Structure formats: C-alpha cells, structure tokens
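Hi,

Here's the structure I promised to pass on. Have a look at it first, and my notes on what turned up follow underneath.

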Amino acid sequence: MTAPRTQPLEGVRMLELGNFIAAPTAGRLLADFGADVIKIERPHTGDELRTWRLHRGTTSLLYRTINRNKRSVVADLRSDAGRQLVLDLLPEVDVVLENFRPGTLERWGLSPEVMDAANPRLVVVRISAFGQTGPQSSQPGFGAIAEAVGGLRELTGDPDRAPVRMGISIADSIAGLYSAFGAVLSLYDLVARERRGDAPAPLADRTVDVALSESVLSMMESLVPDHEAFGVNRTRTGGRIEGIAPTNAYLCEDGRSVVIAGNGDGIYTRFMGVIGRPDLATRRDLGDNRLRWAHRDELDDAITAWTSSHTVDQVLAALDAAGVPAGAIYTAADIAADEQYAARGMIQRRDVSIGDETLHDIGFPGIVPQIGNAPRDIRRLGPDLGEDTREVLSELLHRPADEIEAYLDETQGAVRA
C-alpha cells in the first residue's frame with residue numbers, strides 16, 4: 001500500500017477573515033498544500049462571493065473554486081459572540097488572513113495588538129487597497145482601482161481607445177499570491193528563530209502588509225525606471241508588448257487566432273523561413289529586436305498574410321517543426337479538452353452543489369505549483385455556509401454540545417450545518 005502523501009503545510013492552521021478575492025485566494029493557496037484554513041463567514045449571507053457570477057442556484061462556482069480545501073464557520077464579527085469566538089480560536093491558529101478596509105478590525109475590537117495578546121506567535125496578514133500606512137491607507141478600493149493606480153490599466157488595450165481591464169480580478173489574485181508568500185516567510189522566520197533560541201519576532205515583524213496597488217506595481221517591470229532614466233512613457237500596444245517584435249495575436253483562416261512569439265534573433269530567422277519571407281530574415285534593418293520594433297507593422301502584415309491562409313492547426317504544426325513558440329488562443333472548452341492540462345492534473349473533475357441541485361463531472365483548475373512527480377488532488381470544493389461550525393467548535397474549542405447547538409440556532413437558523 002502506498003503511504004499517504006505528505007502536505008508541506010500540514011499542521012499549520014489559519015483563520016481567514018476575508019471576503020471576495022484577495023484574502024480567500026491566499027487562503028486557497030495555503031489550503032491547497034495542507035494548511036487547515038478556517039474561513040469565518042457572516043451568518044445567513046456568508047462571503048459575498050457566494051453570489052458573484054451566479055448563473056443558477058444559490059452558490060457560485062467562483063466561490064466553490066476560490067474557497068476549496070477550507071472549512072466554513074459562521075460568526076458575526078460585529079457581535080460580542082462572534083468576536084469572542086475569534087479570540088477563542090486565536091491560540092489554536094498560526095496565521096490570520098484579513099482583507100477589510102484598514103481600521104475595520106480595530107473598530108470590532110480585533111486589532112493586531114488584541115490578537116497578539118491572545119497568541120504572541122501569531123502571523124497577521126493584512127490586505128488592503130493601499131496598505132496599512134500612508135496618506136491613502138484609509139481609502140477603500142477594489143482590484144480595478146489597484147490596476148489603475150498600479151500602472152497596469154494604462155498599458156492594457158489598444159492605443160487608439162480608452163484603457164480596458166483584464167477579464168479576471170488580476171490585482172486581487174496577485175495580492176493573494178504575495179500574501180500567501182508573506183505568510184510562509186513569516187512562519188519560516190518563526191521556526192528559524194526558535195531553532196536559534198531567539199525570542200519570537202515582535203508583532204510588527206509578524207505583520208504582513210499587502211497593498212493591492214503595490215502588488216500590481218511590482219509586476220510592472222521597468223515602467224518607472226525607464227521613465228525616470230530616459231523619459232520613456234510606455235503606451236498601450238494592443239496584442240503586442242512594447243519594444244519586442246514580432247509578437248502578437250494573428251487571425252487564421254478558420255477564424256481562430258494564435259499567439260506567436262518570434263522575437264528572439266534565431267527564432268525570428270526561422271520564423272520568416274516558415275512564412276515564406278526569407279527576405280525579411282536577411283534584411284539588415286531587421287537584424288535585431290530594436291530594429292524590428294521600428295518595423296512592427298510591416299512584420300505583422302507579412303505574418304498575417306501567411307496565417308490568414310492557413311488553419312490554426314496548420315500554423316501550429318509548421319511553427320512547432322521550426323521551433324517557433326506559438327499557441328492557440330484557448331476558450332474554456334479548449335482548456336477543458338487539452339491533453340497537456342489533463343496529463344498534469346490541471347483540470348480536476350468533481351460533482352458540485354450549487355445549492356438546489358448537484359452538477360456532475362465539472363472541471364475545476366488544479367493545484368499550482370506541482371511539487372513532486374504527481375499533481376495534488378483538490379480535497380474538497382468550497383464549503384457550504386457554516387458547514388464546519390459544529391466540528392470546529394467541538395474539536396478546537398471543546399464547547400459542550402448544548403452550547404454549540406444554541407450558537408448554531410442563534411447564528412445560522414435555516415441554514416444550519
């Protein structure tokens with residue numbers, strides 16, 4: 001019999017106080033690798049994500065996806081009972097994740113200082129629009145605002161049109177990645193200090209402060225240095241990326257499109273051979289990437305003339321044979337049917353409840369990164385509201401059965417777990 005697979009974060013327990021995307025994404029990443037993430041949700045309605053992109057039923061698949069591998073406990077943090085429940089749980093957890101507007105937890109009597117008094121080894125991860133300090137720290141803001149002030153929105157879209165947003169909550173997702181990374185760094189620091197015999201880090205060093213705006217800015221490469229050093233202001237370039245050519249999306253004969261990255265010098269030469277334009281490969285004014293960028297329209301016209309007379313499959317086969325990086329632009333259906341994703345466990349099929357019915361064999365995105373020689377399984381999809389309240393109160397807080405039932409009656413009513 002094969003031994004059960006170990007989880008890197010097994011034994012680590014986290015309390016997730018956040019809603020929407022950012023903090024729940026951090027919680028999902030940590031839960032994927034074995035952390036016991038207890039998600040605190042308000043009574044009756046729960047995380048608002050439960051009804052975002054709700055196509056049918058009462059619980060969205062967006063919620064089921066982002067909150068997988070977690071446990072759900074109901075508590076009203078504005079109430080004495082809810083606040084006390086969190087305080088009672090703090091000694092049992094290693095990390096608290098939250099993404100409320102700065103000052104909110106303080107108003108509820110759950111400031112980091114209060115939490116630190118309950119657990120002096122606690123790591124506190126705080127996610128907000130602009131961070132916990134600075135002149136804009138108290139301002140509200142969602143991911144769309146962070147995309148704007150972080151520099152991403154200005155570069156997204158076509159140059160002759162207003163900036164557009166990406167089709168996903170990218171700022172929240174990036175902030176979630178940084179938050180999970182910060183939590184693991186802080187946990188590692190605690191362990192390292194214990195090994196050295198040092199005292200635990202002070203609260204300030206156990207507080208991870210993640211701003212959505214800064215998370216976006218960190219992805220903007222040399223945007224600011226190029227501006228300050230050379231006066232360069234990057235602009236929207238549509239399907240291209242500034243200063244790199246040829247790379248773009250190209251329409252094919254069958255109405256589908258491919259992305260081709262033919263910008264390396266050696267790759268470019270082979271690419272021009274594939275499209276039947278060796279003259280472009282040998283021209284001195286196209287000899288390096290900087291020169292090719294100046295002729296990007298001419299190159300894209302030549303490439304489009306070739307792709308538009310071939311199907312996507314024909315284009316990809318020819319480019320693959322020549323070692324030119326390219327890929328079809330996938331729809332959700334393409335991703336679900338892709339052999340590479342399937343081989344690496346990146347689409348995992350589960351039955352899922354949407355509240356009033358169960359959908360069968362639905363594909364969900366797998367766990368990244370892969371550690372070891374096999375993909376990890378999604379242990380459970382996002383839980384029903386309060387599904388684990390009874391279990392957590394009994395297992396971690398050892399509350400008597402009658403007290404638990406009274407709490408459930410008070411907080412959950414018709415949606416009791």
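Arg270, Phe271 and Val274 are the helix 10 residues that touch helix 14, where they meet Ala318, Leu319 and Ala322. Sorted by class, that contact comes out as five nonpolar residues, no polar ones and one charged. Keep in mind that this is a predicted model.

As for the geometry of that pair, the axes of helix 10 (residues 265–274) and helix 14 (residues 312–322) come within 10 Å and cross at roughly 135 degrees. That falls outside the over-145 range for roughly antiparallel, so helix 10 counts as oblique to helix 14. The crossing of these two helices is right-handed.

There's another helix pair to look at. Helix 1 (residues 22–32) and helix 7 (residues 170–196) have axes that come within 7 Å of each other and cross at roughly 50 degrees, which makes helix 1 oblique to helix 7. This crossing is right-handed too.

Which residues do the touching there? From helix 1 you have Ala22, Thr25, Ala26, Leu29 and Leu30, and on the helix 7 side they meet Asp172, Ser173, Gly176, Leu177, Ser179, Ala180, Ala183 and Val184. The split for the contact of helix 1 with helix 7 is eight nonpolar, four polar and one charged.

Now the sheet. Six strands make up an open sheet with parallel pairing, and the strand order is 3-2-1-4-5-6. Strand 3 (70–74) and strand 6 (207–211) sit at the edges with a single partner strand each, so one side of each has no neighbour in the sheet. On average, neighbouring strands are turned by 20 degrees against each other, ignoring direction.

If you want to zoom in on one pairing, try strand 1 (residues 13–16) with strand 2 (residues 36–41): they pair in the parallel sense over four bridges. Within that pairing, Glu16 stands opposite Lys39 of strand 2.

And where does helix 7 go besides its contact with helix 1? Helix 7 packs on the sheet, touching strand 1, strand 4 (95–98), strand 5 (123–128) and strand 6. The direction of helix 7 makes about 160 degrees with that of strand 5. So if you start from helix 7 in the viewer, you can follow it both to helix 1 and to the sheet.

Cheers

Terms used: Residues numbered from 1 in each chain as written. Predicted model: local features only at pLDDT ≥ 70, side-chain atom pairs only at ≥ 80, totals over all residues. Heavy atoms only, no water. Axes fitted to C-alpha atoms, helices over the stretch in contact; angles between N-to-C directions. Parallel < 35°, antiparallel > 145°, perpendicular 65-115°, else oblique. Left-handed = near helix turned anticlockwise from the far one by under 90°. Contact = heavy atoms within 4.5 Å. Nonpolar A, V, L, I, M, F, W, Y, C, P; charged D, E, K, R; others polar. Pairing = 2+ DSSP bridges.
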